[in-house]
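The report that follows takes up a few strands, helices and individual residues in turn. Please keep the sequence and the structure in view while reading.

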Amino acid sequence: MIGRRGKLLILLYVVFLAVLFLMCSTDLIIREPERDVYQIAVIIEDSRDDNYVNFRKGMDQAAMEFQADVHFITLYEKMDADQQMELILREQQDGADALIIVPADEDRVVSALAQGQVFVPAVLLGTGLSGQGVAGTIAPDYKEMGELLAQEIAAHEGRDCQVLIFEDPGKHSAMSRLFLEGAKDAFDSMGCRWKSVFFMENGRGAEDMFQDLAGERRERTAILAQNPEILTETAAILSEIPGFEGSLYGRGSTLGILNYLDRGRIGGICVTDQFGAGYLSVETAVRALEEGGSQGREELDVWYIDKEDLRRPEYEKLLYPVE
């Protein structure tokens with residue numbers, strides 16, 4: 001039998017446990033450390049690109065892990081540098097803790113950061129340019145990408161193949177310059193013949209130029225497109241022109257490009273991990289906020305993909321939107 005004194009001790013113990021539980025559950029004793037929710041503005045050219053789906057999912061995953069609130073702002077007009085600068089200044093004034101930017105004009109954005117016009121950490125996507133005020137960059141090695149693609153063209157088409165490099169002089173961003181530089185240097189080192197061609201050479205329509213190439217047939221021709229836009233447009237034109245048997249190569253992984261690759265109109269492409277790009281951009285922005293200073297360059301891996309690779313499970317998440 002428990003005596004009166006024992007019962008009283010048990011009652012006091014139960015009351016003590018109840019009070020302790022209440023105090024802990026209301027943070028009176030053990031207070032959970034409060035983490036800041038970082039406000040991050042992402043200023044990109046266009047959210048309609050097929051690559052945007054995986055890019056956004058990568059950002060959402062990182063935002064959940066690193067306690068960030070990410071919101072997207074797209075330009076009304078693609079490559080509108082003036083509007084982009086207005087949005088950058090507006091977002092930091094509206095309270096954004098950090099910015100993630102796909103520059104419409106790389107030199108202008110880097111210059112604005114160096115001059116102190118942007119006073120919150122800014123992470124740049126798709127460019128290797130760095131400088132004062134740049135919190136970090138996320139991009140593949142575009143020169144290495146160009147070298148890889150040139151080597152694949154030589155391996156598939158032969159080193160005696162004529163290579164036409166389709167360029168748009170009005171869209172020579174830093175990434176395009178490095179990409180073409182890598183490809184041309186690689187062609188030179190392998191002894192391949194190449195020639196730069198303006199996409200609308202001498203004011204003629206692209207269709208006329210392809211008709212001429214289809215009619216010549218004196219030697220095998222391969223085409224290297226400077227950017228995904230030229231690659232897609234060239235593939236569309238070649239699909240309507242019989243007689244051209246050359247192969248088309250480039251970079252990018254939109255669904256349109258993948259469809260042309262599957263149909264054999266494109267011979268091969270270089271791609272990067274868009275999910276990883278989105279994830280790393282948010283992670284870099286948060287690190288810059290917590291640690292300060294530049295976080296340096298995060299380099300994305302590059303893969304060469306041909307038609308046979310489209311059905312391989314290891315490339316499924318890389319090429320198609322993640323569910």
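## Strand β3 and its neighbours

In this predicted model, strand β3, covering residues 98–101, directs Ala98 and Ile100 to one side and Leu99 and Ile101 to the other, and all of these residues are buried. Strand β1 (residues 38–44) pairs with β3 in the parallel sense over four bridges, and within this pairing alanine 41 has leucine 99 of β3 as its bridge partner.

Strand β4 (residues 122–125) also runs parallel to β3, to which it is joined by three bridges, with isoleucine 100 standing opposite valine 123 in β4. Between β3 and β4 the chain passes through helix α4 (residues 106–114), and the resulting β-α-β crossover is right-handed.

## The six-stranded sheet

An open sheet of six strands with mixed pairing follows the order β7-β6-β8-β9-β10-β12. Its edge strands, each of which pairs on one side only, are β7 (193–198) and β12 (302–305), while the twist from one strand to the next averages 20°. Within the sheet, β6 (residues 162–167) and β8 (residues 221–225) are paired in the parallel sense over five bridges, and glutamine 162 has threonine 221 in β8 as its bridge partner.

Two helices lie across strands of this sheet. Helix α6 (residues 174–190) lies across β6, β7, β8 and β9 (247–251) and runs at about 170° to β6, whereas helix α8 (residues 228–239) lies across β6, β8, β9 and β10 (268–272) and runs at about 155° to β9.

## Proline 140

Proline 140 belongs to strand β5, which spans residues 134–140, and it counts as buried because its relative accessibility is 4%, under the 20% cut-off. When neighbours within four places in sequence are left aside, proline 140 is in contact with Met145, Thr272, Arg297, Glu299, Leu300 and Val302; of these, Thr272 lies in the range given for β10 and Val302 in that given for β12. The C-alpha atom of proline 140 is separated by 7.4 Å from that of glycine 126, although the two residues are 14 residues apart along the chain.

## Glutamate 157

Glutamate 157 is placed in helix α5 (residues 142–157) and is buried, with a relative accessible area of 10%. Its side chain is joined to that of tyrosine 249 by a polar contact of 2.4 Å. Not counting residues up to four places away in sequence, glutamate 157 touches Arg220, Ala222, Ser247 and Tyr249; among them, Ala222 falls within the residues of β8, and Ser247 and Tyr249 fall within those of β9.

Definitions and conventions. Residues are numbered from 1 along each chain as its sequence is written. This is a predicted model: local features need pLDDT of at least 70, side-chain atom pairs count only at pLDDT 80 or more; totals for chains, interfaces and linings use all residues. Side-chain values use heavy atoms; hydrogens and water are left out. Buried means under 20% relative accessible area, exposed over 50%, partly exposed in between (1.4 Å probe, protein chains only). Contact means heavy atoms within 4.5 Å. Two strands pair if DSSP finds at least two bridges between them. A crossover is right-handed if, with the strands pointing away from the viewer, the path from the first strand over the helix to the second runs clockwise. A polar contact is a pair of N or O atoms within 3.5 Å; within protein, one must be able to donate a hydrogen and the other to accept it, and residues adjacent in sequence count only if both atoms are side-chain atoms. Axes are lines fitted to C-alpha atoms, for helices over the stretch in contact, and angles run from 0 to 180 degrees between N-to-C directions.
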